[in-house]
Amino acid sequence: MDEDARWLEWVTKQFEIIAGEDKEIDLDEFKTALKVKESFFAERFFALFDSDGSCSISLDELLEALDLLIHGSETDKLRFLFQVYDVDGSGSIDPDELRTVLKSCLRESAICLPEEKLDALTMALFESADRDNSGSITFEELQAELETFPEVMENLTISAANWLKPPEAEQKKRETPRYLTRSYWLNNSRKLFFLVLYALVTVLLFLSAAFNNRHGGLWLMVAKGCGQCLNFNCTFVMVLMLRRCLTWLRATWVIRLLPLDQNILLHQIVGYAILGFTLVHTTAHVLNFGRMSQTSAFSLWEFLLTTRPGVGWVHGSASVTGVVLQLFICLMVVCSSTFVRRSGHFEVFYWSHLSYIWVWSLLMVHCENFWKWFVVPGLAFLLEKIVGIAVSRMGGLYIVEVNMLPSKVTHLVIRRPQFFHFKPGDYVYINIPVIAKYEWHPFTISSAPEQSDVLWLHVRSMGQWTNRLYEYFRELDESLDAHRLRDGTLRMQDQLFSSGCNGTVATNKDVAVELTFYRPNDSQGSVGGQPEGGEPLPEGAGPAENGEVPPFKEVPNKFGENHRFCHIRCYVDGPYGTPTRQIFASEHAVLIGAGIGITPFASILQSIMYRYRRRKQNCPNCSYSWCENIKDSDMKLRKVDFIWINRDQKSFEWFVSLLTKLEMDQADEEPEGRFLEMHMYMTSALSKNDMKAIGLQMALDLLAKKENRDSITGLRTRTQPGRPEWAKVFQKVSEENKGKVHVFYCGSPSLAKVIKAQCEHFGFHFYKENF
């Protein structure tokens, strides 16, 4: 009731602002206030609110209608819904009216379906509701139909504030982590232990250095104490990024003691600590130099910006190198901020971060003891780099297929060398010289380790490098098509493709182009759909004289509208472990991917199902098959819940073929219930508690039951509109009692906070992908 009162007060204020002096609003002003995408609903609401037919709504008319929706019975609210659908006011709903309503619902939800699917939705709902086969739906029939959908009837009890409130007026309440609860401490025990230990070491180092310089005055004590902390932190920050060492440690008992999965967060904390110690260190030295300049022949500026006073162990350069170090460190921290990294300027972060080489070099000159701290971690870092370069240059890696997916996602298929072994959810750094010769970027491997011949990477265009990658293949494809059309070879290429053979076709009397095509191979393990036993000769180019492959612009083969074969050199550094390596030690795993955050889980789900198939049992006397309990030493999993949240319909196309295969594997009966459950959410679609979406959601449910397939994705799993209600989702998981629950998440940081808070409430272990 308090929420209703607050909302009505907000509506009154908004009405007074929009109405102006005449104290009434017309249809256009009503559409602006309601902020609906599709004008159909605004027009229907306006017509029903305009009780006197004056083509304008007064505040009294609006409040009277809203009072009915807020305090009215279920029947009153249902009659209002019926009147919205009864466009001509005849007292019944015919198929054309229902089709118009559903079409508007689809537009409002940003769902694109073909006309025949819209007709199927209309007929599914109409035939179900028209129980007397009279050719129209009466109010009583609509009420009886709604009663078969308990969730919809429950929504009729919801306040009108949740029916008509514009998106900006919604107050999303997010629970903050309960820092004093037992579940929070258990879920963050390793991180908290590490932070306490790190703080203790830092304090001891500061006090030790300050005490040893107690005869130099307060500011010298502070400067030396911070300097000793900087010696430790400037090397420790490097240790936290020794990815190969950390990947190896994840397989040892250390993972149970230290928060290795949160090394990026700890790296950021240490980085901010370095900035803080640097500022205090510099300030203390400036104050100390100011005191010394009063009794010395050198001025303050000479102490700070020259080598004349002789401060430092290498030709008195401590002050000058200190100023340069201060600038480098500030630049690195600023360019490492979330705003820079996630605003499409990752390259700014990347190149500025490489200045760590200059920072370490200057620290060697600046402080005479720094090398003692640096020597062991520095050697480990150098060894990692050498191994990384050696591994990335071995194996002759090539991108053999490219698939252009919706929302500017580039799917790369890379030939996998025999020595390359990885775990599900691991990531690699990739360098593609034709895109940027010196840039390396991290991406999760989206194929399963059991796919022995290829690696999959799904790259979403969100920055300069990823946009260049997408545009490179897109423009190349367009230029290739133009070239083929100009030469008049399309028909002959199609003939060669249909026959599956190689051949030379004369495009004119002076030019001959050699074409190589292959039929696509659906079997897993093939390299780019190519036949076994040989490497294809790329289109239009044979080997160069030196034996190297010619530039990619001369070698693409195309298959399908967005799919092409290619042969382009790349380098891969990795693999590196992530928190998802813990998944097979879980009993009940909940995988949550937001948008392109599905990529690590694509690999994991495929690997799980490979293991699942190996445990499938078949009856010797019939075709019946099932899967036994698959809890063993390799995989303790008893249940997997996969949740994928997408903003729009097209994003589901990224992995819909993979998910379809996973559903087919789940077709058999299982003793303990379904092992893998998938939950799809589309946030642009109106949620079920929105009155505008009630009819559409009923129609989608009915057609899904009839066709055993979701109309939005084509999967058997029904796509849910809106965002998940995490409290209900985790409550259901908790009630299943399948064992210890581990939640793995990959996606936006803001959603991670919400999910983490719920995990702490239910006592689930939470892991977030971050690299």
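Is Arg468 buried, partly exposed or exposed, and what is the relative accessibility behind that label? In this predicted model, Arg468 counts as partly exposed because its relative accessibility is 33%. The close-up views below start with this residue and its partner.

**View 1. Glu439 and Arg468 meet in a salt bridge.** Side chains of opposite charge can pair when their charged atoms come close. Here the N to O distance between the side chains of Glu439 and Arg468 is 3.7 Å. Glu439 sits in the loop between strand 5 (427-431) and strand 6 (441-444), while Arg468 belongs to helix 22 (residues 464-487), so the salt bridge ties together parts that are 29 residues apart in sequence. Take a moment to look at how the two partners are covered. Glu439 has a relative accessibility of 8% and therefore counts as buried, whereas Arg468, at 33%, counts as partly exposed.

**View 2. Lys117 and Glu707 form a salt bridge.** The side chains of this pair meet at 3.1 Å, N to O. Look along the chain and you will find Lys117 in helix 7 (residues 115-129) and Glu707 in helix 26 (residues 694-707). These two residues are 590 residues apart, and their pairing links distant parts of the chain. Glu707 counts as partly exposed because its relative accessibility is 34%.

**View 3. Asp710 pairs with Arg718, and other charged residues join in a network.** In the salt bridge between Asp710 and Arg718, the closest N and O atoms are 3.9 Å apart. Both of these residues are buried. Elsewhere, one network brings together Lys639, Asp641, Glu677, Lys732 and Glu736 through salt bridges that share partners. How many salt bridges does the structure hold? The count is 16.

**View 4. Four acidic residues make a negative patch on the surface.** The members of this patch are Glu21, Asp22, Asp26 and Asp28. One of them, Asp26, is found in the loop between strand 1 (24-25) and helix 2 (27-34). With a relative accessibility of 35%, Asp26 counts as partly exposed.

**View 5. A nonpolar patch lies on the surface.** Which residues form it? They are Phe193, Leu197, Leu200, Leu204, Trp253 and Leu257, and together they have about 620 Å² of accessible area. To find your way around, try starting from Leu197, which is in helix 12 (residues 189-212). Leu197 has a relative accessible area of 41%, so this leucine is partly exposed.

**View 6. Cys55 has a positive phi angle.** Its phi is near 65 degrees, a positive value in a residue other than glycine. Cys55 is found in the loop between helix 3 (39-49) and strand 2 (57-58). It counts as exposed because its relative accessibility is 58%. As for cysteine pairs, the structure holds zero disulfides. Cys367, for example, is in no disulfide, and the nearest cysteine sulfur, that of Cys234, is 9.9 Å away.

**View 7. Asn737 also has a positive phi angle.** For this residue, which is not a glycine, phi is near 55 degrees. Where along the chain is Asn737? It lies in the loop between helix 27 (726-736) and strand 19 (741-746). Asn737 is exposed because its relative accessible area is 60%.

**View 8. Phe346 and Gly463 are 6.2 Å apart in space.** That distance runs from C-alpha to C-alpha, yet along the sequence the two residues are 117 residues apart. Phe346 has its place in helix 19 (residues 346-353). At 23% relative accessibility, Phe346 counts as partly exposed.

**View 9. Tyr398 and Arg416 have C-alpha atoms separated by 8.5 Å.** Along the chain, these two residues are 18 residues apart. Tyr398 is found in strand 3 (residues 398-405). Is Tyr398 buried or exposed? Its relative accessibility is 15%, so Tyr398 counts as buried.

Key. Residues numbered from 1 in each chain as written. Predicted model: local features only at pLDDT ≥ 70, side-chain atom pairs only at ≥ 80, totals over all residues. Heavy atoms only, no water. Patch = residues over 30% accessible without salt bridge, like charges linked within 9 Å, V, L, I, M, F, W, Y side chains within 5 Å. Areas by Shrake-Rupley, 256 points an atom, 1.4 Å probe, with all protein chains shown as cover. Lys, Arg positive; Asp, Glu negative; His and termini not counted. Charge placed at Lys NZ, Arg CZ, Asp CG, Glu CD. Helix = DSSP H or I, 4+ residues; strand = E, 2+ residues; numbered from the N terminus. Buried < 20%, exposed > 50% of the residue type's maximum accessible area, 1.4 Å probe, protein only. Disulfide = S-S within 2.5 Å.
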